[in-house]
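Student: Could you give me a close look at one stretch of this chain and then at the pockets? Take your time, and keep it connected.

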Amino acid sequence: MSQGPRSGLYAVSSALLAMSRHLEVRDVLKTIVASARELLDAQYAALGVPDDHGGFAQFVVDGVSDAQWKAIGPLPRQHGILAAMLQEARAERLADVRQDPRFEGWPSAHPDMSDFLGLPIRDGDEVIGALFLANKLRPAAEDPSHPADPEPACGFTEDDEELLRILAQHAAIALTNARLYERSRELTIAEERSRLAHELHDAVSQKLFSLRLTAQAAAALVDRDPDRAKGELHQVATLAAEAADELRAAVVELRPAALDEDGLVATLRTQIQVLDRAHTARVTFDSRGVRALPAAQEEAMLRVAQEALHNALRHSGGARVDVTLERRGQGAVLRVSDDGAGFEPRATRRAGRHLGLVSMRDRTNGVGGTLRVESAPGEGTTIEMEVPGG
């Protein structure tokens, strides 16, 4: 096998353990790619999860800086050698990917690549991804007893290919498990919300029905029996208070289960990964040094993030939505930015179209925070929420 800095059984074991340590799909993908690049001593590594529309639902790279990745532009399509790996489900080991007849070029900012090793990730008969490496950093030494080949040899060896095949097999298991975990969590949340909806309907609707009947009785008694009408109105007040208590209890119970279990950062990351897969726009999340916040503030930040994401994905028409959560003093700042159409906030208020801004401000004010909205036609929108912490 390749004699990189961490070759051998220990390196393979470390890579496999790293894959199994994560439950969220994007974390698993990043770990697979980083492990493969380090283990096989390559300059670049990438893993693409195909969608049903000729593109990639997710595409994770290692060895490319954030600035480089941004300059490259949109996610690649399923074409050329990537398409061959996905469609034909076979390994590709090339001395120079640029000389392959299937090569269709790449964007001007794309790093230059030569030797190439790639293979599909399979779950049974289904191809669920394509994993590839480029630019072997320390190719195997040539055998001096044999003359040089007229064609340049690929820096990646057969042993490298076999090692990558082992990684891909375990990557398929880790990726499948992560997908099942996310789906089970989503189902659990959906089932819990359905249960609460039934409870809310049964409890509150009964109170409201009694409230309506009592109010009607009071109205009928006002003229002929004011004392009894007064008693009925007292009962109306009691029933209204009980209904309000039921609603408050339901709202408290509707606090997302994942928020209690995992905290704000992990919950936001999971939900944003789901949105990233479900929409054509790229949705990213970054967190920096955030500590646990009071429960009410975490819930408010989650709800504001959800509302802002809904607006950006449904109304902005942008290609990218970036969500950041960072520590500020004892508190935190949430920022949701898109590169979409933008709007004139004052004109929106005058037209009575608030795009959820009233709800976001109410939630923010309710936990002692501040909300800022920056937008202009053609310049995208940024929603920023700051809470003081506790």
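Tutor: Start at Gly317, the residue that follows H8 and has a positive phi, near 70°. Bear in mind that this is a predicted model. Helix H8 itself runs over 295–316. Its 22 residues, at 1.5 Å each, should span 32 Å, and the end C-alpha atoms of H8 sit 30 Å apart, which agrees.

H8 also turns up as a packing partner of helix H10. The buried residues of H10 pack against H8, and against strands E9 (370–375) and E10 (381–387) too. Which residues are those? In H10 (357–366), they are Leu357, Met360 and Thr364. These three are on the same side of H10, because the arc they cover around the axis is only 65°. That fits the usual helix geometry: with 3.6 residues a turn, residues three or four places apart point the same way. Flip over to the other side of H10, and Asp362, Asn365 and Gly366 are exposed. Like H8, H10 has a glycine with positive phi after it: Gly368, just after H10, at about 75°.

Now for the pockets, beginning with the second largest, at about 850 Å³. Strand E7 (320–328) is among the elements giving two or more residues to its lining, along with H2, E2, H3, H7 and strand E6 (282–288). E6 gives the most, with seven residues. There are 26 lining residues altogether, and the ones nearest the centre are Lys30, Asp66, Arg282, Thr284 and Arg320. By type, the lining of this second largest pocket splits into 13 charged, nine nonpolar and four polar residues.

And the largest pocket? That one holds about 990 Å³ of space. It is lined by 35 residues, with Asp51, Phe56, Ala57, Leu75 and Thr280 closest to the centre. The elements supplying at least two lining residues each are helices H2 (25–39), H3 (66–72) and H7 (257–278), plus strands E1 (42–50), E2 (56–62) and E5 (126–136). Here E2 gives the most, with four residues. The lining of the largest pocket comprises 16 nonpolar, 12 charged and seven polar residues.

Conventions: Residues are numbered from 1 along each chain as its sequence is written. This is a predicted model: local features need pLDDT of at least 70, side-chain atom pairs count only at pLDDT 80 or more; totals for chains, interfaces and linings use all residues. Side-chain values use heavy atoms; hydrogens and water are left out. On a 1 Å grid over the protein atoms alone, a cavity is a set of points where a 1.4 Å probe fits but cannot get out, and a pocket is an open set with protein on both sides within 12 Å along at least five of seven lines; lining residues have an atom within 4 Å of a point. Grid points are joined across faces, edges and corners, and a volume is the space filled by probe spheres set on the points. Ala, Val, Leu, Ile, Met, Phe, Trp, Tyr, Cys and Pro count as nonpolar, Asp, Glu, Lys and Arg as charged, and the others, Gly among them, as polar. Buried means under 20% relative accessible area, exposed over 50%, partly exposed in between (1.4 Å probe, protein chains only). The arc is that of the directions from the helix axis to the C-beta atoms. Contact means heavy atoms within 4.5 Å. The expected span of a helix is 1.5 Å times one less than its number of residues.
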